[in-house]
Amino acid sequence: MSEINWNRKDLISIKDLTVPEIQTILDIATSYKELIQRPIKKVPPLRGKTVALLFCEPSTRTRISFELSAKRLSADVISMSSDSSSLTKGESLIDTAKNLESLKIDLIVVRHKFAGAPELLSKKTKAAIINAGDGYHEHPTQALLDMFTIREKKGTLKGLNVTIVGDILHSRVARSNIWGLTKMGANVTVCAPPTMLPKGIENLGVNVSYNLKDAIKNADVINLLRIQFERDSGLLFPSVREYGRLFGLNDDVLKLASPETIIMHPGPINRGIELSSNVADGKQSVILDQVTNGLAVRMSVLYLLIGRGEVQ
Ligand code: CP
């Protein structure tokens with residue numbers, strides 16, 4: 001394992017991280033990946049620590065993954081959602097976090113619809129904060145688990161061609177992946193209808209394509225993004241059928257890529273829109289590996305933030 005390069009209280013964005021910090025997270029996650037395959041999966045680094053999950057937007061994967069990661073590291077875990085908390089009575093997010101701090105919570109995992117909410121909390125509380133997705137801004141642990149999965153399957157990130165397809169405009173997953181992958185030396189192409197690409201996206205160091213068939217030809221990795229109907233993504237193209245026809249990945253289109261190309265998706269999947277069920281469940285798909293790897297990566301992040309005692 002490489003030297004531990006970590007001196008941060010919080011994990012808010014991939015944009016903030018250095019290459020050695022990303023390498024440290026991925027290397028420690030490799031050890032945890034081995035651990036979670038064992039019959040006894042629990043280890044003590046977070047014994048005596050308390051982790052709060054504060055999810056103000058829906059989640060399956062991220063929430064369960066953080067809960068399980070914290071429990072595997074022996075933390076106590078409390079779970080809150082906005083609709084069953086006093087946030088519904090008008091309490092501010094900062095007051096909620098201050099109350100958690102008063103209860104001696106060590107770390108708060110936050111998902112919020114407003115970009116910047118986790119960063120605000122990181123400045124207002126002594127507890128460590130992990131951004132579990134904020135608006136259109138970032139979803140750092142998703143990008144870390146994506147990079148971990150690519151590195152695991154391909155042996156490296158440097159020099160790989162990664163094509164990200166779909167609603168880049170609304171996607172915090174895309175932003176975090178672009179920051180991370182370009183830092184780690186991958187060549188990133190984004191592919192979408194023009195309405196789904198933010199203005200100036202090429203300034204982030206990516207190639208831009210409006211044609212799926214062209215964009216996947218030399219791809220080592222194809223990462224398909226969910227159409228975010230709850231954020232009005234459906235208004236950005238004439239019809240779902242049209243989107244699926246031009247940007248959906250099915251067996252016929254996938255034949256244009258190498259058989260070694262891996263297929264990724266952060267989930268949840270809209271089957272038959274971003275990709276066909278055959279592709280989602282096919283032998284090139286690593287979508288469920290991403291979910292398993294999320295556990296190892298989140299254990300790594302929790303360990304680095306609150307699991308190293310005085311070393312911090
Ligand atoms: N990938 C992801 O963030 O999934 P959830 O919304 O289910 O957490």
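**Note on two parallel sheets and their helices**

1. In this predicted model, five strands make up an open sheet with parallel pairing, arranged in the order β7-β6-β5-β8-β9. The edge positions belong to β7 (207–209) and β9 (262–264); each has a single partner strand, so one side of each lacks a neighbour in the sheet. On average, and with direction ignored, neighbouring strands here are turned by 20° against each other.

2. Within this sheet, strand β5 (residues 161–165) and strand β8 (residues 221–224) run parallel and are joined by four bridges. One residue position may help the reader to locate the pairing: I164 lies opposite N223 in β8. Helix α5 (residues 140–154) packs on the sheet, where it touches β5, β8 and β9. The direction of α5 makes about 165° with that of β9.

3. A further open sheet consists of four strands in the order β2-β1-β3-β4, with parallel pairing. Its edges are formed by β2 (76–81) and β4 (128–134), each with a single partner strand, so one side of each is left without a neighbour in the sheet. From one strand to the next, the twist averages 15°.

4. In the four-stranded sheet, β1 and β2 run parallel and are connected by six bridges. Here F55 is found opposite S81 in β2. Helix α3 (residues 93–102) packs on this sheet and touches β1, β2 and β3 (107–112). Between the direction of α3 and that of β1 the angle is about 165°.

5. Residue A52 deserves separate mention. A52 belongs to strand β1 (residues 50–55), and it counts as buried because its relative accessibility is 0%, under the 20% cut-off. Apart from neighbours within four places in sequence, the contacts of A52 are I78, L100, I105, L107, I108 and V109. A52 and S277 are separated by 225 residues in sequence and by 35 Å in space, C-alpha to C-alpha.

6. The packing between helices is considered next. Helix α1 (residues 19–35) packs against α5 at an angle of about 70°, and their axes are 10 Å apart. The two helices, α1 and α5, are therefore roughly perpendicular to each other, and α1 passes α5 in a right-handed crossing. On the α1 side, the residues involved are I22, I25, L26, D27, A29, T30 and K33, which meet L144, M147, F148, R151 and E152 in α5.

7. Helix α5 also meets helix α6 (residues 172–183): the axes come within 8 Å and cross at roughly 50°. The arrangement of α5 and α6 is therefore oblique, and their crossing is right-handed. From α5, the residues P140, Q142, A143, D146, M147 and I150 meet V173, S176, N177, G180 and L181 in α6. M147 of α5 thus appears in the contacts with α1 and in those with α6.

8. A final point concerns cysteine. The count of disulfides comes to zero. C56 is buried, with a relative accessible area of 17%, and C191 is buried too, with a relative accessible area of 0%.

Key: Residues are numbered from 1 along each chain as its sequence is written. This is a predicted model: local features need pLDDT of at least 70, side-chain atom pairs count only at pLDDT 80 or more; totals for chains, interfaces and linings use all residues. Side-chain values use heavy atoms; hydrogens and water are left out. Two strands pair if DSSP finds at least two bridges between them. Axes are lines fitted to C-alpha atoms, for helices over the stretch in contact, and angles run from 0 to 180 degrees between N-to-C directions. Contact means heavy atoms within 4.5 Å. A disulfide is a pair of cysteine sulfur atoms within 2.5 Å. Buried means under 20% relative accessible area, exposed over 50%, partly exposed in between (1.4 Å probe, protein chains only). Angles under 35 degrees count as roughly parallel, over 145 as roughly antiparallel, 65 to 115 as roughly perpendicular and the rest as oblique. A crossing is left-handed if the near helix is turned anticlockwise from the far one by less than a right angle, and right-handed if clockwise.
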